[in-house]
Every structure is written in structure tokens, then in C-alpha cells.
Amino acid sequence: MPNSTDKNALTDLTVAEIRDGFRGGAFSAREVAEAFNANVAAAKALNAFIVETPEKALAAADAADRAKAAGEALKPLAGVPIGMKDLFCTEGVQTTAASHMLEGFTPTYESTVSKKLWDAGAGMLGKLNLDQFAMGSSNETSYFGNVISPWKRKGGDNAALAPGGSSGGSSAAIAARLCPAATGTDTGGSIRQPAAFTGISGIKPTYGRCSRWGIVAFASSLDQAGPMARTVRDNAILLETMSGFDPKDSTSLDLAVPQWEAGLSSDLRGRKVGIPKEYRPDGLNAEIAALWDRGIEWLKDAGAEVVEVSLPHTQYALPTYYIIAPAEASSNLARYDGVRYGQRDLPDGAGLQDMYAATRAAGFGPEVKRRIMIGTYVLSAGFYDAYYTQAQKVRALIARDFELAFEKCDLLLTPTAPSASFALGEKQADPLAMYLNDVFTVPASLAGLPAMAVPGGLDTQGLPLGLQIIGRALDEQTVLNAGLAIEERAGFVARPSKWW
């Protein structure tokens, strides 16, 4: 454990290490906050933050130090500063969803998830960049500019790489040691894919575990908050605080929050791990396939039995998702009309309809407009049954596939993404190629199941690759335990070389 004079080492600590070191007197909460604030200030080149809030991190740290000095009971996250994805409304701090539409919007209320974290003693380092309205897989759709991954390819290739999306600011900031952990949201893979791209961990809990109240909506039946951090234990710690029933969210589950950290165990004896045969298509990246095979061996070494399972409707998951998610987005984003809040464009002599059109044209980026148009089309009177109704039927079949698979096993192991990170701009001209980044993550989202990404190693270009663990509904514990088993055996300690 570093001492109070070892400023650089403080930012290498995990959430658990900061929590325990602060309690043990190895350093003060202010020293930790100052160290991370300094890293944030020095990393403008990554564009990970939209708003920096060093004063809030210091205020929470000072409160923790005062409580400790007074001998008071310390809050669960006392002394721990984190990053907040700029999709969570934060009272008195600009919340933009990385859009021009909400630029300058300062909420007068706090999202349920962020309030839980602040009440637990966490401090806010700032609001993290993301794909606009959480729509994207590379963090290139943000109105405030793309986030740049802290990772670089080996061999002198200096291309700027994507940190994944939509939670790319969160993943980049954690990998670069700008924060020890951050919040993310996952609609079709937006926690798991960026975690895999940047060599960190992240978990999407069961749909309804974390309240959606105060989170800017994308697709309401899919959106789910979750933590992102460098270790499985840190994810368990954060998830315990973030979860819990919220009467303000009609989809919130009225269930007690398990003690996931206390239940962590990498002993998987008696557990069966399913390997979906449909996730190994012809042309699967050889390095992804090799990592998957290593992951299977790691789980066997942890005591698990491996069985093959079938998820026959997997091939329909991506088109199903890209009907349902845009349909819900077109409905949710109808509220941005220039009347009540956010951007307003009112040309001279314009009427109400002109104001609507001008505001939405200026306020939304190309990807958001694309998804609104797709969603409006599939919900239109002539096509609702042909597209949206059919997609909902297929969604039910996909969920049923998982139910049948879990009659044979306790969890599933798959790749997280079909490749390592790619260069910024590489897929921008081809939306379909970009959408394929979600091919392994979307099925669990459609079924509302808990799923986690854990780093497994580096490819031949020196870039992180991740494995995905999918569990039964409400069985985050088994997912976390399998993640811990992989984490211990993979021994992933690689970090990006600092260039920013």
C-alpha cells in the first residue's frame, strides 16, 4: 500500500484498495482526490470528460477525512472518487448526454443511481464523455468530440483508437487511471464492449436491478446502469451501492440487494458453463477464438464443467435489436422539441412546426437522426406489424433460448466483441459494420440478463481482448464469481503506455 507521499501510486489503486487504505490510515481521502484530479487535468488529449468537477471530489474527500478524524462510522465508499457518465442527471452540474440538444442543461435533481453513490460517500471527478444519447459503439458520435483510447497498437502505428461505446469516456478514463471506477449504461453492450476494448471489467446487471430514474433515456426496455472498474471486486462493490428498488422507476425490481462482494469466490466446482455453438461463426477472428478457448480452460481449472448449448435465434438478435431500440428511441427523443428545455432554434418568422424542425435538425447528430428515422418508420401504421411486432416476437424467442440453455448450465462464456479496438474513423462510413460490434452483447440485453466483460489478454498488436460471462436473471453472484476465476487465471496486468 503506497504512503501519502506516493502520489502516482495512489492512482494505481483499485476501489477496494482506496477504501481499505483510507480506513487503515495509509493516506487521506484528500490525497487520493488530489491525485486523481491531477491526472484528469493532465489528460485533455483523451477527451474523456465533458465536465470536470474537482471541487466535488475534494468536498467528498474532506467530508470523509472529517468523519474519520471524528471517529464516526465511515460510509461504504468514503474516500473513493469516481467518474459519472454524462447520461446520469446530476443536480447543479451540466448533463448533456453528449448532445448539442442538451448542451447547457443543468438538472435541478439527481438521478437515483448517482444519489446512491454520493450518499455512500463517493466523490465526483466529473461527467464522462459518451456517444450522443448513448447511440454508438466507438464514442465518435459525441457532439463534444470523440474520446481517444489510451491504448496504442504495437509497431509504431500511431493511429488513434476507439475506446468503445457508448461508455467510451468511462472506459478510457479508468484504463488511463483518471478514475478508479465509473458508471456506465448498457443498452446493447455499451458497458461490456468498451470494457473489452480498454482492458477493464464492467457488468450489466439484470434489467431492473438499478433504477433508470434520472438517466437520459435511449431505449427504455433495454437501458440498464452498471459499474465499470479495473477489477471484478470493484464492480461488486459499486454494484451493491448502485442497485436497489426505486418507486420512481416502474421497472425497478423490489428485491433486497445481495452482498456480492462478500459472496465472491473463484471456486466454480459444481457449476456448469455453457458454450453457445452459434457464437462461433465461420470467419470468427482467430485471436478471439483462441482467447475463448483459453477462457474455457480457465473455468475448467476453477472446477467448472463445460457443456455445449444452443441459442438458435442468435442470428436474429442484431436485426431485432436494431428495430426495437430505434423504435423506443424515436418515442423517447420526441420530447426534445425546443419547447420545455434544451436546445431551441427559432428562425425569424418561424411558426411552431418550423421551430420543431429547426431545433431537432440542429440539436441531434447524424447517428441519432438515423435511429429516430428507423424507429419512426418501423412504428408507422403501415409497417408496425411487419417490423416492430415481429421483432418483439423474436425477442421472446431469444429470451426462451436462454431459458432452455440455463436448464443445462449455470452460466455462459462467449467473446465480448468480434475484434479488438479499431481506428477512429475506420467504420464511420459503414453503419452496419459499426453495428456488428454488438453481435455478442445484444442477445443478453434483449433477454434482460446479467452479463459481464472481463479482460483476458492482449492480441498480437498489443490491444486488449475480453471475455463475456452471461448468467441467469438475478444471478449476478455467479457471473461475478466466474469473472473472478478468469481474472485470477488470466493475470491481466497490462496497462497503456502513457502518451497523452
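Helix axes here are lines fitted to C-alpha atoms over the stretch in contact, and the angle between two of them runs from 0 to 180 degrees between N-to-C directions. With that in hand, here are some close-up views of this predicted model.

**View 1. Helices α2 and α8 pack against each other.** Helix α2 covers residues 15-24, and its axis lies 8 Å from that of α8, at an angle of about 70°. Angles of 65 to 115 degrees count as roughly perpendicular, so α2 and α8 are roughly perpendicular to each other. From α2, the residues that make the contact are V15, A16 and R19. From α8, they are R233, D234, I237 and L238. If you sort the residues of this contact by class, you find 4 nonpolar, 3 charged and no polar ones.

**View 2. Helix α5 and the elements its buried residues pack against.** Helix α5 spans residues 112-119, and its buried residues are T112, V113, S114, L117 and W118. Which strands and which helix do these buried residues pack against? The strands are β2 (81-85), β3 (123-128), β4 (181-186) and β6 (224-229), and the helix is α8 (232-242). After α5 comes G121, a residue with a positive phi, near 105°.

**View 3. L128 and its surroundings in strand β3.** Is L128 buried or exposed? L128 has a relative accessible area of 0%, and buried means under 20%, so L128 is buried. Setting aside neighbours within four places in sequence, the residues in contact with L128 include A48, F49 and I50. G83, M84, K85 and D86 are also among its contacts, as are G169, S170, A173 and A182. Look for A172 too: L128 and A172 are 44 residues apart in sequence, while their C-alpha atoms are 9.5 Å apart in space.

**View 4. The largest nonpolar core and a second, separate one.** The largest nonpolar core holds 147 residues, and L117, F133, L299 and L413 have the most contacts inside it. Helix α10 (residues 317-332) supplies the largest share of this core, with 9 residues. A second core, separate from this one, has 5 residues, among them F197, A417, F422 and M434. For a closer look at one residue of the largest core, try F133. Apart from neighbours within four places in sequence, F133 is in contact with residues including L87, A97, S99, M101 and L102. Others in contact with F133 are V216, F218, L333, Y336, F364 and V368.

**View 5. Strand β5 and its two antiparallel pairings, with β6 and with β10.** Strand β5 runs over residues 201-204, with S201 and I203 pointing one way and G202 and K204 the other. Residues on both faces of β5 are buried. To β6, β5 is joined by 2 bridges, and here S201 has A229 as its bridge partner. To strand β10 (residues 451-458), β5 is joined by 3 bridges, and K204 stands opposite A451.

**View 6. Strand β9 and its pairings with β7 and β11.** How many of the residues in β9 are buried? In this strand (residues 411-415), 5 of 5 are. Strand β7 (residues 272-276) runs parallel to β9, and 2 bridges join them. In this pairing, V273 stands opposite L411. Strand β11 (residues 464-471) runs antiparallel to β9, and 5 bridges join these two. Here you can find P415 with its bridge partner L467 in β11.

Methods
Residues numbered from 1 in each chain as written. Predicted model: local features only at pLDDT ≥ 70, side-chain atom pairs only at ≥ 80, totals over all residues. Heavy atoms only, no water. Buried < 20%, exposed > 50% of the residue type's maximum accessible area, 1.4 Å probe, protein only. Helix = DSSP H or I, 4+ residues; strand = E, 2+ residues; numbered from the N terminus. Contact = heavy atoms within 4.5 Å. Pairing = 2+ DSSP bridges. Core = buried A, V, L, I, M, F, W, Y, C linked by side-chain atoms within 4.5 Å. Parallel < 35°, antiparallel > 145°, perpendicular 65-115°, else oblique. Nonpolar A, V, L, I, M, F, W, Y, C, P; charged D, E, K, R; others polar.
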